[in-house]
Amino acid sequence: MDSNNEGYLVAVDMKTGQRELVSSGDDDPLRSRCSGVNFNEPMAVVLNSDETLAYVSTMTGIIEADLATGDRRTIFTDNLGHYDIELNPNAETAYVVAVSPFNDPSAQILEVDLRSGSSKVISSSEVGAGRPFESLFGLEIKDANTIYVAESSGIVQVDIATGDRQRVTNRRIGEGISLRPGRIVLNSFEDKLFVSGNEAIYQVDLANGNRSLVSQFEESKYYEQINGISISRDDSRLF
């Protein structure tokens, strides 16, 4: 995203670091690639299982980008900000963290049909049991029944079918360092969550809610604000 909040979808070669512009809708024709709607303040991106399509959550909805042509189309729009997005295994449904830009108590999880663009709220202050969400940030799908989301003070487990919310860890649940959560990712055994914060990476034990520090920012190191997180298949490295 540039200073004008225009979005660009870029592929990065992990061996060479070379970057390739896949799709953009810049108003400047010299920087625009392919056709379709502009990315508007992109927040997160996820690929379908065939790695042919990218789905980008933005401050106004979800945009689909064809990775072969770069062409873009709108899947759905609303008046909320969409901070994170994940797909179910068949890549027909997206789950999205949606938060009002006006800071009213409307944080919610949306389920979006990627074929029709229809959406429904699966958990919010009005859907599902449990204390309403605080400000929401990251989202991770465990399976067909369960989603984990990061709120301002901890991690919440959400039942997809009912929308019920259960706190997994926060200041009152579990022991260890306080969290300032951002994005989250499960390990392969699905018993631990790794959480990005402003200046650190944390680990949460899902069995007891205990929290520990994995990596802390130091002035001489590489990061001071962590906006995304991913884990290698063998659980040996976090990116």
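**Exercises on a predicted model**

Asp235 is placed in the segment after β18 (211–216), where strands (E, at least two residues) are DSSP runs numbered from the N terminus. The model is predicted, with local features needing pLDDT of at least 70, side-chain atom pairs counting only at pLDDT 80 or more, and totals for chains, interfaces and linings using all residues. Residues are numbered from 1 along each chain as its sequence is written, and side-chain values use heavy atoms, with hydrogens and water left out.

**Exercise 1.** Determine whether Asp235 is buried, partly exposed or exposed, and describe its phi.

*Solution.* Begin with the classes: buried means under 20% relative accessible area, exposed over 50%, and partly exposed in between (1.4 Å probe, protein chains only). Asp235 has a relative accessible area of 26%, and is therefore partly exposed. Turning to the backbone, Asp235 is not a glycine, yet its phi is positive, at about 65 degrees.

**Exercise 2.** Locate Glu190, and then work out its exposure class.

*Solution.* Glu190 sits in the loop that runs between β15 (184–186) and β16 (192–196). Its relative accessibility is 33%, so Glu190 counts as partly exposed. Glu190 also has a positive phi, of about 60 degrees, although it is not a glycine.

**Exercise 3.** Identify the residues that Lys120 contacts beyond its neighbours within four places in sequence.

*Solution.* First, place Lys120 in strand β10 (residues 119–123). Next, apply the contact criterion, heavy atoms within 4.5 Å, which gives Ile109, Leu110 and Glu111 as the partners of Lys120. Finally, consider the backbone: Lys120 and Leu110 are ten residues apart along the chain, and their C-alpha atoms are separated by 5.7 Å.

Conventions. Helices (H or I, at least four residues) and strands (E, at least two) are DSSP runs, numbered from the N terminus.
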